[in-house]
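Got the viewer open? Let's take a walk through this one together, one selection at a time.

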Amino acid sequence: MSRRVRVAGPVVIAIGLVLLFELRSTPRVPVEDPLGPYGLPRVLAAGLVLSGVAMLIPARRPDPSAGLETESPDAEPNSRRRLALSPSAITVIAAACYVIALNKLGFIVATVLLGLLLLPALGAKSWRSIMAIPLVMTLVFLLVFSVALDVHLPTFLGR
Amino acid sequence: VFDQLLTAFGAALHPAALAFLAAGVIAGIFLGAMPGLGPTMGMAIALPFVIRLEPEYGIFLFTAIIIGAGFGNALPAVLVGIPGTPSALLTVEAGLPFGRRGEGGRALLVSLFGATFGQFCGVLAFAFLVSPVVALSSKFLFPEFFALEVLGMTAAAALMGSSVSRGMVAVLIGCLIALVGPDPVTGQPRLTFGVDALEGGIETVPALIGLLALREIFLSPATPPVSTADARRRAIRLPRINLRDFQESTGPAAVGTGVGLVIGALPGAGPTTASFISYRLVSVFRRWRRLPGQGSLPAIAATDASQNASGTSGLIPTFALGIPGDPADVLILAALTTQGLIVGPNLAQSSPGLLGVVSAGLLISSILMVVLGYLSIWPSSVFASAPQRLITYATLVAVMTGVYAYRQSLVDVWVTLGTGLLGLAMGKAGMPVAPAALALVLGSAAESDLRRGLIMTDGVVGFLSRPVTLTILIVVVLLLLAGPALAILSWLRGRTPVDDESRRSEHV
């Protein structure tokens, strides 16, 4: 059984069970159809549990191709994933911090800070680029969104 | 008919319309040529703005992006060996040797020829088939639409992933996200976990952008770096047209187009599947078989024609039935539905001229692509060697700001971040994201059609006694059973499907 199936199968089952627990009591609302408001969500959550189980079952028989993993067109190739792990994690953390900073520090400060931290973290070496790119990008996006499209972007401390 | 054609071309040749078409083709070539971007991400970024435009202009922009990217993805494939989008994977195989020999321009001209061939045929198929399919679908009621929506999602699950079970998990996740919030019949909130912000449901546009665009941004720093010097060494001036290359490529382009037209109309199959089948078909002909490391012009023409024909014919089920063929079509559907346009049979009544205008726009986009595609060959080496970290930073800001601009709400930005992380986790677990995106768009409508259909037909027996509904649902069951049945057969023969997959990869 591949590691990702060992992890994904139980996670999918757990999500399905949590959803079924959330849908345990039927609301008292007048309905005309046999399903009602909770019918389809319950069927889908149960389907999630069964699919999670189905993901785990094939691994119980001897698998001559153990270690070989088929790639879906969507899944990134192995070589790329090995290379990607660290920069992808950096980008995820940067994105989460950016959303928090947008609310607190506003668009201009958050966007400049994102560039100043993300570009060197992803391997930029030239300090001239690291300083110039965030400033130019922020200005361009500010012109596009705030001036051309009249979007009220978040401001510093809500002022 | 002549009057309708005149009106359609009049609307598509309006200066504003032409500007959107040209901008879409240029953006598409650029997005296709930038490894790590792609048309879906570009369309997702543009979605919050497109829904503010006139519906025709939004459709022009999106369809022109698809058309431009259909050729743009070949530029980095031939010049630096990185496919601009997954469907150009085999263009690398067939075209990179030309780039290495300094004949990249020749290969790109054949790619442009194949792409244009496929697109023109796809546009003709759209123009002639979309109205009959719309007319056919006007006979459908809630049960038939439910069955079609389930077919679209199941086909996506069966064809887009490495296993049906993982594809179905993706569909179920997408549906469950779509069902959060008020029930379409009674308004009773579900799956809110007591969170007030979820009472109104999860907004589709930010969730889609997270699944389709933000996830790609998270993965984009991993795109292999391209040496600028290497790309510039392979830089080429505007290439000369060689008629013999076109003659050699016409047959394969026709084969690829035929495959693409059929595959594109199947929900979930998409251009990548079409290009793989075309490449395989072309390689069985002895005189087209490539020599190792030599590349193959016929193979380039076949794969590029098939992916472009598939991209255009995929618009037929999107417009006629509301069943998108691939993630880019999902975004077109999202743009149309957000603007209040109901695709399918009602489209002909609510916007009678729209389909003709779309056909005219597609045709003009294809013509623009010939010129703009040719002109883009020379500067393409610069696109292909742009630093990935710069693209990651710019697209991250563009996505987050674009989502915020959609309703000027930070909740939407959190939704995008959440679904982006979900998409990343799904990718790590080997689950395809596109079926989840499709289910996110279709899930709510499917529930509504199912429940209204059950009321209309007085229960399950009446629902299933409708012949078209029953036939489509039988196809759904067969699709679900086909994968496990093949796996059992292969296992009984003493080999696993993984072996088949490995062999296919080796062949490619």
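How many salt bridges does a search of the whole structure find over all chains? Nine, over all chains. Keep in mind as you click around that this is a predicted model.

**Stop 1: a salt bridge in chain B.** Select Asp183(B) and Arg451(B) and show their side chains, which meet in a salt bridge with an N to O distance of 2.2 Å. Now color the chain by element to see what the pair ties together. Asp183(B) sits in the loop between strand S1 (181-182) and strand S2 (189-190) of chain B, while Arg451(B) belongs to helix H22 (residues 434-456) of chain B. The two residues are 268 residues apart, so this pair links distant parts of the chain.

**Stop 2: where the chains meet.** Next, show chain A and chain B together. Here 77 residues of chain A are in contact with 66 residues of chain B. The area buried between the two chains is about 6,200 Å², and carbon and sulfur atoms give 75% of it.

To see what chain A brings, select helix H1 (3-22), helix H2 (36-56), helix H3 (78-121) and helix H4 (127-148) of chain A; each supplies at least two residues of the side that touches chain B. Put H3(A) in a color of its own: with 22 residues, H3(A) gives the largest share of that side. Color the touching side of chain A by class and you get 51 nonpolar, 14 polar and 12 charged residues.

What does the rule find in the way of salt bridges across the interface of chain A and chain B? Zero. Polar contacts do turn up there, in six residue pairs with both residues at pLDDT 80 or more.

**Stop 3: a cavity in chain B.** A search of the whole structure finds one cavity of 30 Å³ or more, and about 40 Å³ of space lies in it. To find the spot, select its lining: Val50(B), Pro55(B), Gly58(B), Ile59(B), Phe62(B), Ile332(B), Ala335(B), Leu336(B) and Gln339(B). Helix H4 (55-72) and helix H16 (327-338) of chain B each give two or more residues to this lining, with H4(B) providing the largest share, four residues. By class, the lining has seven nonpolar residues, two polar and no charged.

Notes:
Residues numbered from 1 in each chain as written. Chains lettered and ligands numbered in written order. Predicted model: local features only at pLDDT ≥ 70, side-chain atom pairs only at ≥ 80, totals over all residues. Heavy atoms only, no water. 1 Å grid on protein atoms, 1.4 Å probe; cavity = no way out; pocket = protein on both sides within 12 Å on 5 of 7 lines; lining within 4 Å. Points joined across faces, edges and corners; volume = space filled by probe spheres on them. Nonpolar A, V, L, I, M, F, W, Y, C, P; charged D, E, K, R; others polar. Contact = heavy atoms within 4.5 Å. Buried area = accessible area lost by both parts, 1.4 Å probe. Salt bridge = Lys/Arg side-chain N within 4 Å of Asp/Glu carboxyl O. Polar contact = N/O pair within 3.5 Å; in protein donor to acceptor, adjacent residues only side chain to side chain.
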